[in-house]
Each structure stands twice: as C-alpha cells, then as structure tokens.
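The report below concerns the packing of a single structure and takes up its cores, a helix pair, a sheet and the aromatic rings in turn.

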Amino acid sequence: MRHPTNLPVLASLLLLGSLLFNSGCAVNPVSGESDFVLLSEDQEIAIGRENHAVIIKRYGRYKEQKLQDYVQQIGERLAAVSHRSNLIYRFTVLDSPEVNAFALPGGYIYITRGLLAYLNNEAELAAVLGHEIGHVTARHGVRQHSAATATGILAGVLASQTGVTGAGDLFNVIGTALVRGYGREHELESDRLGAEYLARSGYDPLAMLEVIRVLKNQEVYDRELAKREDREPRVYHGVFATHPDNDTRLQQVVGGARALQKQNGPKQINLVSFLRHLEGLVFGDSEEQGILHKNRFYHRELNVTLTFPEGWRIDNRPEQLVAIAPKNAGLLQVTALDLNRRLTPQQFMQDRLKLDNLQQGEAFRHHDLEGYTALARTRTSYGERLVRVVVVFLKDKAWVFSGVAKDEQNPFHFDRLFIDTAKSFRTLTSEEYELARAHRLHIITAKDATRFAQLGKDSRLANDAENQLRLLNHYYPTGEPAAGTPLKVVK
C-alpha cells in the first residue's frame, strides 16, 4: 500500500534548503569556487576573537616572549604568501605538554610547547604552522560549522513536522558522520596548502613529511604504551593519525609543492636557529602543575612531595595524579580537595566522600600530619571493587588516596604499596624545593660514546626516558647519534 506524500514536510524542507543554500554561497579563497557557508568573514573573525580568550584561559600562554616572537615571525612569513594574506594572523605558543596544534577561524593559530619540543628544525615548525594556516585560508572551520548548523536546522524541521522524536536523532547521526567525513579531506587539503606555502616562502616542502613521520612515531609509541597499560591511545587530531594509504596522497601533495620550490631559491631548514630557540624550553609538566622526578612528585606552590611505587607509570592530570601499575594491574589516584569544615579525616571520608561502609578503619599521624585509612567497596574503572582509601590533612586541603587492584580475587595485591605511598606524603625540604623545578630542554653535541640508553639513565624524565629521548631527537625506535650531532636532552 502506498503512503500519501507528506506535502508540508516536503515543502518545508525544500524551502529551508533553498534559503540555506542561496544565502550561504561564498567564493572559496583557495579554490575560487562557491562553497556553502553561513558566516561572513566578519563573523568568522569574531568567532576566532571571542574564543581566543577561552583557549588562553584553558591552556595558558607560554611566558617566554622571545619564543613567542620567533613563532609569530615564522607564521607571518608563511601567511604573507597564503590565499588570505589580508588577515592579521596571531600565532601563540600554548603552555601545554600536549602534542598538538590547531587553528580557530579568522587567523588564530596555536602550537603547544609539547609539540615544539619534538620538532627538529625551523622548516618543520613552518610545516606545522603552514598546515594550520591552510585550515584558515580554506575556511574549514566555517564550512564545518555551516554544515553542522544546516543539519541541525533540517533535523528540527523534520522532527517538528512529523512529530517523530527519533527523526531528529537520525538526522543528527547522519549529519555528524557527514561533518566528520570532511575531516580527512580537509586535513589533506591543509597539507597541500601548507606544502605550497612552505615552497613559496623558501622552506623545503619535504619538512611536511618529516613532521608527519614525527607524529606517526608518537602514535606508534603511544599505541604500544596503551596496549601495555590497557587504555585507549592518544593520537594527534589531523591526517597524520589516519590510515597509511593516505601516505601516497601526501607524497603527491608534497611532490606538487616541490615544483614551486625551484622558483624560490635554496631550500631552507634553519636547524641551528631553531634549536637555539628551544634551549631551556619547559618539557612535560610545568611548575604550576607539579614535577615528576623518577617516581617522586614535587609541587613547589603546594609545598608537598610523595613517592609512588617504582615501575608504575605516573600521569599528572589537571584534576588528579594517577599511578598505573604494570599491565594496568592496579591504579592509585591522588586528589586534593578543599577543606571547608572542621572535620576529622574519618568524618571527611564519611561526610564528604560519602563512604558509609568503611572497613578496618584506622587513624594515624605521620610526618606530623593527621590521617585516616580504611577499606570501602565502591565503583571503579575496573567495576565494583574493594578500594583502599586514605585521607591526609595538610593546612586547608584534604589529600585523598584511592587505590584499587584489577584482580577482584586478589584485592590486597597492592595494598601495602598504596598505604606506603600515602604515608610518604609530606612537605618539602629546602633541598627538595629546588628539585621541584620544571624539566627543561637543553641542546648538547653528541660524542663518539653517546648512547640513548645512558642519556635516559642520566635524564630527569620519570617514564621510559630512553624512548622519550629517541622520539625527541627523531631516533625512534632505533639508532644512535653520530659524533657532532646536536641532541635535545631533558634536565
């Protein structure tokens, strides 16, 4: 049996589609063809301007002005030969250990100090900035915003006209897939544009492939680490993290840009100048976040230190410290919470943490600090488990230690380590206050006997130092430096 056509729905969709696409046509600055966009250039710039403050608040601006000026100078050189040289571009180094770079609409471009540390020359820095400039010049953010907005409007019309609540969800799913599908092509287009801007400004376009190799090595390393730790890997946002069959297309992209290179004189790498600007760069967590030295944590501002179990991986996250046992066999989380009432540690555990089923509770005093420890059965990332909880008071904060073993049949496997870690918590000595300084990159020259295994042993890095140094110097997973080679180390 044929169903009658729903004319109101069809008419509404056709009318809305006509309004959207007729009002949303604009000439793409790169291709010269019409694109569907719902934002003018003024609106695009306003989005970038308003969200710039949000980005700075979230990540922080790296305080070294000479490095900021250097990155701005390289970025402006590329932007001057871009398809939207009329914009004023702002290039900002973010005070974040994350390995990332991204762009907001309107010419606001960001690179983290975490990514800067893994680059080896100025051409590679230019490749990253050129890629992000490509997102701005091709208006990728605006185009994705327009596609998502149109999808949302159409979904709302369909749902309201049909009275079927699931219809909107269906359109959202399709729309999300459509918008995410743009990602890979947009990233590839940005690589093509970035390589072109490199060539036009005198840099070697092959630097684009070197950056991709660096980031792919990061991904390979983190996937191996994630497998050992039984967690999801962290990957870079762009095409650098997509499947290998993109490599052929990237080779073609860079090959096309190299034809332009011949018109712009000798290829520039600028290794020495770049490394000079990296000297002293903060690597890993900042002093405001706290510093890990091997298995010991130091925090200058909070004036505290504690020792984690040897061989455990320690993640310094914004809200908590997380220590992960080998093979993800156990977890220990450390969180600092404000004290607002005059409670005992036991009362805090019951009233604030809402743990009313405490077992084997015991008060203690260690390093002149008041504490309480008990067992409680509660939900964890492994499921419901018996958890060792320790609360230690220091001034106006309660430091909460929560430890759990993955093996439900052996809940006390790490119990002694959890208690020992909590009882290692104390204030800093004057000597330790100096150890709480941030790790920084320093440039050395390799000698005949220089080997990454020894550099790793001498490093202040807490986790897998040898492989981290290999990644920093483009020697991952194997290889040793030749005498006379400049190397980045962490002190």
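## Nonpolar cores

The largest nonpolar core, that is, a set of buried Ala, Val, Leu, Ile, Met, Phe, Trp, Tyr and Cys residues joined through side-chain atoms within 4.5 Å, has 63 residues, where buried means under 20% relative accessible area, exposed over 50% and partly exposed in between, with a 1.4 Å probe and protein chains only. The residues with the most contacts inside this core are Leu 78, Ile 111, Leu 116, Leu 119, Leu 125 and Leu 129. Its largest share, 9 residues, is supplied by helix α8 (residues 207–229); helices (H or I, at least four residues) and strands (E, at least two) are DSSP runs numbered from the N terminus. A second, separate core of 24 residues includes Phe 297, Trp 312, Leu 321 and Val 392.

This is a predicted model, in which local features need pLDDT of at least 70 and side-chain atom pairs count only at pLDDT 80 or more, while totals for chains, interfaces and linings use all residues. Residues are numbered from 1 along each chain as its sequence is written, and side-chain values use heavy atoms, with hydrogens and water left out.

## Packing of α3 and α10

Helix α3 (residues 65–79) packs with helix α10 (residues 271–278) at an angle of about 145°, their axes being 9 Å apart; axes are lines fitted to C-alpha atoms, for helices over the stretch in contact, and angles run from 0 to 180 degrees between N-to-C directions. Lys 66, Leu 67 and Tyr 70 in α3 meet Ser 273, Phe 274 and His 277 in α10, contact being heavy atoms within 4.5 Å. Phe 274 is also among the residues touched by Leu 119.

## An open antiparallel sheet

An open sheet is formed by 4 strands in the order β6-β7-β8-β16, with antiparallel pairing; two strands pair if DSSP finds at least two bridges between them. Because β6 (291–293) and β16 (426–427) stand at the edges with a single partner strand each, one side of each is left without a neighbour in the sheet. Strands β7 (residues 296–299) and β8 (residues 304–307) are joined by 4 bridges, and Phe 297 stands opposite Leu 306 in β8.

## A tilted aromatic pair

Rings of Phe, Tyr and Trp (its six-membered ring) pair if their centres lie within 6.5 Å, planes under 30 degrees apart counting as stacked, over 60 as edge-to-face and the rest as tilted; the count comes to 12 aromatic pairs. The ring centres of Trp 399 and Phe 425 are 4.8 Å apart and their planes at 40°, so this pair is tilted. Trp 399 is buried, with a relative accessible area of 6%, and Phe 425 is buried at 1%.

How values were computed: Lists of a residue's contacts leave out its neighbours within four places in sequence.
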